[in-house]
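The exercises below concern strand pairing, burial and backbone geometry in one protein model. Please consult the sequence and the structure while working through each solution.

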Amino acid sequence: MQILVLIILSILSLLIKWSYSNYYSSSSSSNQNSPPSPPKLAIIGHLHKLGLYPHRTLYSLAKRYGPLMLLHFGKLPVLVVSSAEGAREIMKTHDRVFASRPQSKLYDILLYGCKDMSTAPYGEYWRQIRSVSVLHLLSVKRVQSLGNLRWEETAILMEKIRHSSSLSLPVNLSELFSKFTNDIICRVSLGRKYSEEKELKELMREFTELLGTFVIGDFVPWLDWLTRMSGVYGRAYRVASQYDNFLEQVLDEHINRRKEIDSNDDDFVDVLLSLQGMIDRTAMKALLLDMFSGGTDTTSTVVEWAMTELLRHPTVMKKLQQETRNVVGDTKYITEENLAHMNYLKAVIKETMRLHPPIPLLIPRESMQDMKLEGYNIACGTRVIVNAWAIARDPAYWDQPEEFIPERFLNSSIDVKGNDFELIPFGAGRRGCPGIVFAMAVNELVLANLLHQFDWRLPSNEGNNYLDMSETVGITMHRKTPLVAIATPRK
């Protein structure tokens with residue numbers, strides 16, 4: 001679909017070649033004291049410059065035009081931020097001004113009119129649902145209380161790998177990690193696992209793919225017919241309907257269970273049902289969709305890339321294995337209590353998120369008023385894209401930025417919690433991801449056990465230097481090909 005859109009845009013560019021008199025230079029916006037801007041085409045503006053991997057092409061443009069760069073997607077002004085200083089201005093100094101989210105027709109279709117926490121406009125409704133989510137699912141106290149559940153699912157994952165090893169079978173780690181995180185999040189939020197339901201798995205894959213689909217009608221409304229003709233809206237309505245049926249079933253199951261037994265509000269659905277009157281049924285489904293789909297995708301991606309980098313860097317893998325085994329000795333499993341003593345493990349995860357942020361362009365923001373930013377005029381309604389991927393590879397902040405070097409974090413105070421803007425895989429400020437504690441608890445526990453209990457190598461037909469590092473196209477940055485490796489239990 002992305003390729004089709006690019007072809008259409010290329011054809012469109014040729015058809016409007018006659019309008020090169022409207023081919024603007026970057027100086028045309030300087031009269032309005034706007035940030036630097038590349039030349040643009042009539043009608044589509046800079047849309048033709050995005051390419052298949054926008055985080056990479058925007059980084060290349062920023063090297064030429066600066067860390068604050070103004071683009072136009074159609075007529076829509078888009079501020080691209082590619083520096084830690086600029087990110088701090090957006091997410092801290094002027095956080096409230098840039099705290100809203102731009103609206104999209106696909107988001108409206110898939111996310112109940114943007115009633116979920118991630119895409120809801122800034123305001124009282126968003127504050128209310130965020131408060132509910134943080135208090136009842138994502139707070140430090142709540143995350144700690146779910147330790148046994150994380151441990152159970154980690155133990156199940158290790159036994160699956162051990163079974164494959166006993167049969168001398170390679171392990172599809174990408175598939176296992178996706179199922180593992182999905183099982184944890186389903187148990188926490190929905191009350192039970194759903195990963196064995198193949199239709200639901202395919203539905204989640206298609207849902208994530210659609211969220212990352214480029215919709216030209218959002219930027220050039222009169223070209224919206226191209227998206228309609230491509231079938232994207234039809235797919236989105238179908239996926240939304242199927243997800244809605246699933247979530248209705250989940251809610252009804254919990255309502256019936258509450259009638260039959262004395263509920264102790266064990267999972268997030270029970271909590272939401274206990275808050276009826278404060279939030280309606282549509283908001284409940286939107287929040288559950290956030291937890292079910294968003295949490296699975298981003299969390300599994302981090303572990304997937306961490307294992308990818310460790311397989312490419314055997315010396316780093318050995319060092320991490322040595323740390324885990326020094327901490328717990330011959331004990332078979334690593335528990336969450338052991339993790340506090342594993343500084344190199346934390347450094348490996350930080351370095352993974354530096355090189356491979358799950359959402360490289362974060363979720364766009366939108367300015368709610370006219371303002372000045374670093375001396376430039378920024379208009380109300382300007383969309384803001386923070387290129388976290390570019391910032392985390394900027395040589396101004398990082399030595400050897402393209403290299404996987406976890407040691408850089410051993411004597412560094414830089415963290416991923418949104419206070420250090422050189423590294424913001426979870427975003428920062430009001431609209432930063434509230435699931436940091438939950439995600440890090442899962443990532444650390446599973447990665448530590450993977451390295452403690454097994455030795456790992458690539459299949460004989462793949463050397464470390466030839467491991468495919470291609471990325472998917474979409475809102476999250478997965479590996480394009482599944483990560484497959486061979487595990488040998490620790491002796």
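**Exercise 1. Determine how strand β1 is joined to strand β2, and which residues stand opposite one another.**

Step 1. Strand β2 covers residues 76–81 and runs antiparallel to β1, to which 6 bridges join it. Strands here are DSSP runs (E, at least two residues) and helices are runs of H or I with at least four residues, numbered from the N terminus. Two strands count as paired if DSSP finds at least two bridges between them.

Step 2. The model is predicted: local features need pLDDT of at least 70, side-chain atom pairs count only at pLDDT 80 or more, and totals for chains, interfaces and linings use all residues. Residues are numbered from 1 along each chain as its sequence is written, and side-chain values use heavy atoms, with hydrogens and water left out.

Step 3. Within the pair, L70 stands opposite L79 in β2, and L71 stands opposite V78.

Step 4. The two strands form a hairpin with 2 residues between them. G74, in the turn, has a positive phi of about 65°.

**Exercise 2. Place β1 in its sheet and decide whether its faces are covered or uncovered.**

Step 1. The sheet is open and has 4 strands in the order β1-β2-β7-β4, with mixed pairing. Because β1 and β4 (365–366) stand at the edges with a single partner strand each, one side of each is left without a neighbour in the sheet.

Step 2. In a regular strand, side chains alternate between the two faces of the sheet. In β1, one side carries L68, L70 and H72, and the other carries M69, L71 and F73; all are buried. Buried means under 20% relative accessible area, exposed means over 50%, and partly exposed lies in between (1.4 Å probe, protein chains only).

Step 3. The count for the whole strand, residues 68–73, is accordingly 6 of 6 residues buried.

**Exercise 3. Describe the sheet that contains β8, and contrast the two faces of that strand.**

Step 1. This open sheet has 3 strands in the order β3-β9-β8, with antiparallel pairing. β3 (171–172) and β8 (454–457) are at the edges and have a single partner strand each, so one side of each lacks a neighbour in the sheet.

Step 2. β3 pairs with β9 (residues 484–489) over 2 bridges, and V171 has A485 as its bridge partner. β8 pairs with β9 over 4 bridges, with D455 opposite T488.

Step 3. The covered face of β8 holds F454 and W456, while D455 and R457 lie on the uncovered face.

Step 4. The loop between β8 and β9 contains L467, which counts as buried because its relative accessibility is 7%. L467 and V484 are 17 residues apart in sequence and 10.0 Å apart in space, C-alpha to C-alpha.

**Exercise 4. Identify the residues with the most contacts inside the largest nonpolar core.**

Step 1. A nonpolar core is a set of buried Ala, Val, Leu, Ile, Met, Phe, Trp, Tyr and Cys residues joined through side-chain atoms within 4.5 Å. The largest has 113 residues, and those with the most contacts inside it are Y243, M307, L447, L450 and W456.

Step 2. Helix α13 (residues 281–312) gives the most to this core, with 14 residues.

Step 3. Leaving aside residues up to four places away in sequence, L447 touches A306, M307, L310, L345, V348 and I349; a contact means heavy atoms within 4.5 Å.

Step 4. A second, separate core has 21 residues, including L41, L71, V80 and I216.

**Exercise 5. Locate Y112 and E374, and state why each is classed as buried or partly exposed.**

Step 1. Y112 is in the loop between α4 (105–110) and α5 (124–138). Although Y112 is not a glycine, its phi is positive, at about 55°.

Step 2. Y112 counts as buried because its relative accessibility is 18%.

Step 3. E374 lies in the loop between β5 (371–373) and β6 (376–378). Its phi is also a positive value in a residue other than glycine, near 50°.

Step 4. E374 has a relative accessible area of 46%, and is therefore partly exposed.
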